[in-house]
Structure formats: C-alpha cells, structure tokens
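I opened my notebook to get to know a new structure, one look-up at a time. Come along if you are new to it too.

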Amino acid sequence: MGTAIDEYKPFARKNMPIVFNGLSFSPLKVEQIALYQAAKPSFELMQSSLPPKLATLSWCECLEALDIQGREMGKETVFLTIVLVTIAVVTGLPKMQENGEEVYPIKEVRGKDGKLLSFLFGSLDNPTLISMNDMDEIRKIIAAQNLYEIPDESWNPDLVRARRHLAANAQKNIKYDIDALVHSVALNAHVNPSEIWDWTIRDFVLTQEAIDRTLNYQIFTTAEYSGLVKFKNGNPFPSWKFDKDVDMPTEFKTIGQLDAEANGLLGVTEKEI
C-alpha cells in the first residue's frame with residue numbers, strides 16, 4: 001500500500017476510530033467477517049486491469065458501472081452497494097424505516113446527465129455529503145483499518161490476474177469454514193474461541209499470518225537441520241518473526257520496470273523463491 005494509507009497506520013495499529021468529514025470510522029470485527037470478505041473485491045479493485053472506459057472512471061463510478069454491466073448480463077452484482085453498506089456499518093449509521101423496511105439512510109446525488117456526483121449519509125434533515133474524492137479517501141481509511149490492499153494501478157494487470165487465478169485454483173479443494181478458522185487461530189493463540197469474535201479483522205489477519213510464519217519456520221528449519229533437505233535459495237522461512245525479504249514479485253512491478261529489466265537497465269540481484 002502507498003504512503004497515503006501509511007498516515008492512518010498509527011490509528012489502525014491501536015484499533016482507534018478515524019474521523020473524516022464528520023464521520024467516525026471504526027475497524028470491522030471478526031463477527032463481521034462475512035461483510036469484510038464480500039467487500040474485499042470492491043476495495044481491492046484494480047481499475048487498470050479493466051477496459052479503458054472503466055479504468056478512467058472514479059472508483060465509485062467504476063463500481064457502479066460494474067454493477068450495471070452485471071445486471072445486463074443477468075447477474076446481481078453489488079460492488080458499489082457493499083461499499084456503502086460497509087461505510088454504514090463502520091460509522092455506526094443507524095437504519096431507518098422506509099416503505100416498511102429497515103434500510104441505511106444513504107442517498108445518491110446525480111447530475112442532470114445522470115452522472116453519480118456524491119452521496120448523502122444520514123437523515124435528510126442533517127445529512128453528511130460525501131463526494132467522489134471523499135470516497136477515495138474513505139477507501140484508504142477502511143483499507144488501513146482492515147488490511148485491504150489497494151493495488152498500485154501501475155502494476156502489471158495481466159500478471160496480477162494470472163496470479164489471482166492460480167491462487168484461487170490452489171484453494172479450490174479447501175472447504176472454507178469460518179468457525180474452523182476461528183478455532184484454529186484460538187488454539188494456536190491460546191485464547192478462548194469466543195473471545196476472537198470481538199477481535200478486529202486487522203488483529204485476526206495479522207495473528208493468522210504470525211501463526212503461519214511460526215509453523216512454517218518450525219517445519220522448514222527442522223527439515224533443514226536434519227540434513228536431509230537442502231533449499232536451493234535458502235530456507236524460505238528463516239525467521240518466525242518476519243517474512244523473508246525477496247525481490248518484488250513480477251506482477252507487482254510496473255510495466256516500465258519490466259521493460260527496463262528486459263533491456264538490462266535494472267539489476268535484479270535476488271529472485272523470489
């Protein structure tokens with residue numbers, strides 16, 4: 001993530017609310033993990049991987065365009081709606097009665113040409129106006145608090161898609177179950193599973209990563225010390241505290257960097273394992 005998100009890290013590390021434009025944003029909790037996962041594709045959207053007519057739109061306009069495109073294809077997509085619901089939840093926006101249903105009081109503001117301009121959050125007698133630029137900043141706030149990764153739009157989009165496809169295939173035989181995940185983390189963190197539901201998503205994800213790093217360190221170090229296994233590029237998990245420092249993965253390099261490497265302009269001294 002870029003430096004724009006770094007400014008919010010001191011607050012995110014302490015799970016402190018972040019106030020922006022009169023709204024107070026709190027981190028999501030594990031009990032809200034279904035919402036966290038549903039909103040992940042929207043917050044981590046890489047617009048440069050989309051057709052030019054979508055890539056040049058603002059983030060929210062792009063999400064809306066994807067929803068419209070989905071409906072035209074007979075799919076019920078909610079890229080924009082799930083973002084608005086997430087904002088409502090993390091700001092504690094109360095629901096209101098509308099036509100016999102409880103809904104979040106969020107209204108769209110559009111220009112004469114139908115172009116999405118902004119949103120009104122809250123009751124109509126005292127709403128908070130959120131512009132498209134504000135939504136971009138809110139995206140950074142929520143990403144910092146919940147460890148969403150906003151991609152650098154200069155990354156190589158084709159290779160990013162390929163990597164995500166491979167990652168999805170690698171997970172296809174795993175039966176995902178949130179209760180199993182919570183109990184696994186609780187077992188390794190030596191806490192009661194019931195406590196974890198009140199953890200923030202950020203603490204939960206970082207604890208998972210710490211557990212994975214520790215177990216991998218133990219497994220690979222034991223194998224290395226046994227003398228029966230040798231790793232061509234060294235132990236891939238040399239520390240239980242930190243990840244190994246490797247060269248930037250190819251898909252996270254800019255197209256300019258890739259071109260420079262191809263022409264021998266950049267020296268790459270270490271390759272990813």
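The entries below go from the whole chain to single residues.

**Entry 1: the whole chain**

I began by noting that this is a predicted model. I then counted secondary structure and found 12 helices and seven strands in the protein chain. The chain has 273 residues, and 33% of them count as buried. I also looked at contacts between residues with a separation of 6 or more: 54% of them join residues 24 or more positions apart.

**Entry 2: a sheet of three strands**

Next I looked up a sheet. It is open, has three strands in the order 5-6-7, and pairs them in the antiparallel sense. Which strands stand at the edges? They are strand 5 (106–110) and strand 7 (128–131); each has a single partner strand, so one side of each is left without a neighbour in the sheet. On average, neighbouring strands here are turned by 30 degrees against each other, ignoring direction.

I then followed one pairing more closely. Strand 6, residues 116–121, pairs with strand 7 over four bridges, in the antiparallel sense. Phenylalanine 119 stands opposite isoleucine 130, which belongs to strand 7.

**Entry 3: helices on the sheet**

What packs on this sheet, touching strand 6 and strand 7? I found helix 7 (residues 132–146) there, and its direction makes about 85 degrees with that of strand 7. Helix 6 (residues 79–90) lies across strand 5 and strand 6, and runs at about 30 degrees to strand 6.

**Entry 4: helix 5 against helix 6**

I stayed with helix 6 and turned to its contact with helix 5. Two packed helices are described by the angle between their axes and the distance between the axes. The axes of helix 5 and helix 6 come within 6 Å and cross at roughly 130 degrees. This angle is not over 145 degrees and lies outside 65 to 115, so helix 5 and helix 6 are oblique to each other.

Who makes the contact? Helix 5 brings Trp59, Cys60, Leu63, Glu64, Leu66 and Asp67, while helix 6 brings Phe79, Leu80, Thr81 and Val83. Sorted by class, these are seven nonpolar, one polar and two charged residues.

**Entry 5: salt bridges**

How many salt bridges does a search of the whole structure find? I noted eight, and picked out some of them.

In one of these, the side chains of lysine 29 and aspartate 198 meet, with 3.0 Å from N to O. The two residues are 169 apart in the chain: lysine 29 sits in the loop between strand 2 (23–25) and helix 3 (33–43), and aspartate 198 in the loop between helix 10 (193–196) and helix 11 (201–225). Lysine 29 is partly exposed at 29% relative accessible area, and aspartate 198 is partly exposed at 47%.

Glutamate 61 forms a salt bridge with lysine 115, and their closest N and O atoms are 2.5 Å apart. This pair also links distant parts of the chain, 54 residues apart: glutamate 61 is in helix 5 (residues 59–72), and lysine 115 is in the loop between strand 5 and strand 6. Is glutamate 61 buried or exposed? Its relative accessible area is 14%, under the 20% limit, so glutamate 61 is buried. Lysine 115, at 39%, is partly exposed.

I also noted glutamate 98 and lysine 107, whose side chains meet in a salt bridge of 3.0 Å, N to O. Glutamate 98 counts as partly exposed at 36% relative accessibility, and lysine 107 as partly exposed at 31%. Elsewhere, Glu64, Glu108 and Arg110 are joined into one network by salt bridges that share partners.

**Entry 6: single residues in loops**

I looked up leucine 57 in the loop between helix 4 (52–55) and helix 5. Leucine 57 is partly exposed, with 28% relative accessible area. Apart from its neighbours within four places in sequence, leucine 57 is in contact with Gln47, Cys62 and Ala65. The C-alpha atoms of leucine 57 and glutamine 47 are separated by 8.5 Å.

My last look-ups were about backbone angles. Asparagine 15 is not a glycine, yet its phi is positive, near 55 degrees. Asparagine 15 lies in the loop between helix 2 (9–13) and strand 1 (18–20). Leucine 147 has a positive phi of about 60 degrees, and its place is in the loop between helix 7 and helix 8 (157–170).

Terms used:
Residues are numbered from 1 along each chain as its sequence is written. This is a predicted model: local features need pLDDT of at least 70, side-chain atom pairs count only at pLDDT 80 or more; totals for chains, interfaces and linings use all residues. Side-chain values use heavy atoms; hydrogens and water are left out. Two strands pair if DSSP finds at least two bridges between them. Axes are lines fitted to C-alpha atoms, for helices over the stretch in contact, and angles run from 0 to 180 degrees between N-to-C directions. Contact means heavy atoms within 4.5 Å. A salt bridge is a side-chain nitrogen of Lys or Arg within 4 Å of a carboxyl oxygen of Asp or Glu. Buried means under 20% relative accessible area, exposed over 50%, partly exposed in between (1.4 Å probe, protein chains only). Angles under 35 degrees count as roughly parallel, over 145 as roughly antiparallel, 65 to 115 as roughly perpendicular and the rest as oblique. Ala, Val, Leu, Ile, Met, Phe, Trp, Tyr, Cys and Pro count as nonpolar, Asp, Glu, Lys and Arg as charged, and the others, Gly among them, as polar.
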